[in-house]
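This report considers how helices pack against one another and where nonpolar residues gather. The sequence and structure are shown first.

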Amino acid sequence: SGISSVHKQVLSMDQILKQLLAKAVNECEEAQRLVVSALNGLAALSLINKDANGAIEKYRKVLAEIEMAKAEGVKTDTLQQLHTLHNMGEVLRSADGRALGSSCADASLEEREAKLRNQYCAAQTDNVMQFLEKYQQAAEEVGSRLKDNNEGNLWFLEACDLLNGGSGQYDALKKVESELMEAQGSRYSQHRKQSRGAEAESMVGRFSSFAGLKLL
């Protein structure tokens, strides 16, 4: 037995259960994000009111919420955790915070913060490196294609640079579009009604500036 998905597949009860659990976890994480955000905001208001004790109390509630959620398999936003750990540590190191004293758990705040920060930065660094690799591959492909062209055939790139952003850009752009449509033997309005395949074969309608025209 089961129900149909959007792809018209019949799902088993196990698959349905997994989908429902995933949805529930996602809703819990969103609710957790709101709770943590509210508590951190209240802590900030306490600090504005020179109430270090109130701020620390709110930050402790956040840390307790994080641990409770973790036990239930609900993740807390990493940046929110860093916000709490860093700010709580700052308060405890301040004059008002030192006067209040600290618990044994407070001794590990800096270590936890450093660990989270390193994990977050490492993940983001990996993402940047992946995108950089894709960019370099695209740049190499563009460079290779440019080398395959005769220098005399690239005069239009300089022309596009000269016209782009100039006072006569609009009129010049319309003139280029008109010439391209004339070469096709069709009007622009007719072109827009054509199929995607036919539209992809034409340059008309695929650029709105000379900077875009350079990329075609």
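The text below treats two helix pairs, then the nonpolar cores.

**Helix pairs**

The model is predicted. The geometry of the two helix pairs is set out in the table.

| Pair | Crossing angle | Axes | Handedness |
|---|---|---|---|
| Helix 1 (residues 13–48) and helix 2 (residues 52–71) | roughly 165 degrees | within 7 Å | left-handed |
| Helix 2 and helix 3 (residues 78–93) | about 145 degrees | 10 Å apart | left-handed |

The axes of helix 1 and helix 2 cross at roughly 165 degrees. Since angles over 145 degrees count as roughly antiparallel, helix 1 is therefore roughly antiparallel to helix 2. On the helix 1 side, the residues that meet helix 2 include Gln 32, Val 35, Val 36, Leu 39 and Leu 47. Their counterparts in helix 2 include Gly 54, Tyr 59, Val 62, Glu 65, Ile 66 and Ala 69. Sorted by class, this contact comprises twelve nonpolar, four polar and three charged residues.

Gln 32 lies in helix 1. Is Gln 32 buried or exposed? Its relative accessible area is 7%, and values under 20% count as buried, so Gln 32 is buried. Apart from neighbours within four places in sequence, Gln 32 is in contact with Glu 65, Ile 66, Ala 69, Val 74, Lys 75 and Thr 76. Of these, Glu 65, Ile 66 and Ala 69 are also listed among the helix 2 residues that meet helix 1.

Helix 2 also packs against helix 3. From helix 2, the residues in this contact include Ile 56, Tyr 59, Arg 60, Leu 63 and Ile 66; from helix 3, they include Leu 85, Met 88, Val 91 and Leu 92. By class, the contact has ten nonpolar, four polar and one charged residues. Tyr 59, Val 62 and Ile 66 of helix 2 appear in the contacts with both helix 1 and helix 3.

**Nonpolar cores**

Which members of the largest nonpolar core touch the most other members? Among its 17 residues, they are Tyr 59, Leu 63, Met 88 and Leu 109. Helix 1, helix 2, helix 3 and helix 5 (109–148) each give two or more residues to this core, and helix 2 gives the most, with seven residues.

Met 88, leaving aside its neighbours within four places in sequence, is in contact with Ile 56, Tyr 59, Arg 60, Leu 63, Asp 106 and Leu 109. A second, separate core has six residues, including Cys 160, Phe 207, Phe 210 and Leu 213.

Note on methods: Residues numbered from 1 in each chain as written. Predicted model: local features only at pLDDT ≥ 70, side-chain atom pairs only at ≥ 80, totals over all residues. Heavy atoms only, no water. Helix = DSSP H or I, 4+ residues; strand = E, 2+ residues; numbered from the N terminus. Buried < 20%, exposed > 50% of the residue type's maximum accessible area, 1.4 Å probe, protein only. Contact = heavy atoms within 4.5 Å. Axes fitted to C-alpha atoms, helices over the stretch in contact; angles between N-to-C directions. Parallel < 35°, antiparallel > 145°, perpendicular 65-115°, else oblique. Left-handed = near helix turned anticlockwise from the far one by under 90°. Nonpolar A, V, L, I, M, F, W, Y, C, P; charged D, E, K, R; others polar. Core = buried A, V, L, I, M, F, W, Y, C linked by side-chain atoms within 4.5 Å.
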